[in-house]
Amino acid sequence: MVVELGINDALRGDSGQTIADEVEELLRRIWSASYAVRVVLAEIPAHLARPDLDAAVAEANNLLANRYRWDSRVTLAHNVSDEGMPWKAANFTFDGLHPNATGQTLIAQRFAEAFHGAGYLPDSPAIYRSRTWNPRVVPRVRQSRGVVTFDWSKAATEVRMASARVSIRRAGSTTWRSTPWFRVKQHRATRRLAKGTYAVRLVPRRGTMVGAAGPPVVVRVR
């Protein structure tokens, strides 16, 4: 069983001691159901935008590491404190806490290392890599009398994003022109375009993470 929790408790005001005690109680319940369960226990990350939580997070991590360091039923995942590449929220998150595309691979690397160290995976993992966020979102596009409507409501149900913009390129041109950023909840935007054929792409954004533009959709304005 993978246990990765604690930061939301800190956000609610719990102390490091309380968080560690509640994790211990959870593990006690797990083992009361089945003593044979093995646990991979994650470290709690800090929140870049909430330095007031640092003390509680550090306290909880220290208490949990000391309690379970020598427990053969528990493997600690060093998803925060690995000396080779420690977790840096500015590099690996899009909002100070939640992982961006590269951060996701680093978390996967750290958990896989824990699984490997505990004997659950036969080979040493090589998962971490720098990668772009490429959800390949596609807008619905329609035109009427020169007014083109770009609708991303369906794309927003497929990919979690906070805002989006539309990139437009006229046939024969090499230049993409982009709209301002629109809130995803707005669902659609319109533009009046001259007669011609255009390629349209949707660009998603979530926090500081801007995704790669999705596949182009062709629209003919008559």
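Visitor: Buried means under 20% relative accessible area, exposed means over 50%, and partly exposed is in between; so where does Arg-67 fall?

Guide: This is a predicted model, and in it Arg-67 has a relative accessible area of 29%. That value lies between the two limits, so Arg-67 counts as partly exposed.

Visitor: Which residue does Arg-67 form a salt bridge with?

Guide: Its partner is Glu-24, and the closest N and O atoms of the two are 2.7 Å apart. The bridge links distant parts of the chain, since Arg-67 belongs to helix H3 (residues 54-68) and Glu-24 to helix H2 (residues 16-33), with their positions 43 residues apart in sequence. Glu-24 is also partly exposed, at a relative accessible area of 26%.

Visitor: What lets two side chains like that pair up in general?

Guide: Side chains of opposite charge can pair when their charged atoms come close.

Visitor: How many salt bridges does the structure hold?

Guide: There are 12 salt bridges in the structure. One of them joins Arg-28 to Glu-25, where the closest N and O atoms are 2.6 Å apart. These two residues are 3 residues apart in helix H2, so about one helical turn separates them. Arg-28 is partly exposed at 45% relative accessibility, and Glu-25 is partly exposed with a relative accessible area of 30%.

Visitor: And what about Asp-52, buried or exposed?

Guide: Asp-52 is exposed, with a relative accessible area of 54%. Its salt bridge is with Arg-50, at 2.8 Å between the closest N and O atoms, and Arg-50 itself is partly exposed at 30%.

Visitor: Which residues do shared salt-bridge partners join into one network?

Guide: Asp-21, Glu-24, Glu-25, Arg-28, Arg-29 and Arg-67 are joined in that way.

Visitor: New topic: which residues have the most contacts inside the largest nonpolar core?

Guide: They are Trp-152, Val-166 and Leu-202, in a core that has 23 residues. At least two residues of this core come from each of strand S5 (147-151), strand S6 (163-170), strand S10 (196-206) and strand S12 (217-221). There is also a second, separate core of 11 residues, among them Val-23, Val-39, Leu-64 and Val-74.

Visitor: What does Val-166 touch, leaving out residues up to four places away in sequence?

Guide: Under that condition, the residues it touches include Phe-150, Trp-152, Val-200 and Leu-202, and Arg-177, Ser-178, Thr-179 and Arg-201 are on the list as well.

Visitor: Back to Trp-152: what aromatic pair does it form?

Guide: Trp-152 forms a stacked pair with Phe-182, with 5.7 Å from centre to centre and 25° between the planes. Trp-152 lies in the loop between S5 and helix H6 (153-158), while Phe-182 is in strand S8 (residues 182-183), so the pair ties together parts that are 30 residues apart in sequence. Both rings belong to buried residues: Trp-152 has a relative accessible area of 0%, and Phe-182 has one of 12%.

Visitor: How many aromatic pairs does a search of the whole structure find?

Guide: The search finds 4 aromatic pairs, and ring pairs also link Trp-87, Phe-92 and Tyr-128 into a cluster.

Visitor: Where does Arg-73 lie?

Guide: Arg-73 lies over the face of Trp-31, 3.6 Å from the ring centre. In another place, the charged end of Arg-206 sits over the ring of Phe-94, at 4.8 Å from the centre of that ring.

Key: Residues numbered from 1 in each chain as written. Predicted model: local features only at pLDDT ≥ 70, side-chain atom pairs only at ≥ 80, totals over all residues. Heavy atoms only, no water. Core = buried A, V, L, I, M, F, W, Y, C linked by side-chain atoms within 4.5 Å. Buried < 20%, exposed > 50% of the residue type's maximum accessible area, 1.4 Å probe, protein only. Helix = DSSP H or I, 4+ residues; strand = E, 2+ residues; numbered from the N terminus. Contact = heavy atoms within 4.5 Å. Phe/Tyr/Trp six-rings, centres within 6.5 Å; stacked < 30°, edge-to-face > 60°. Lys NZ or Arg CZ within 6 Å of the ring centre and 35° of its normal. Salt bridge = Lys/Arg side-chain N within 4 Å of Asp/Glu carboxyl O.
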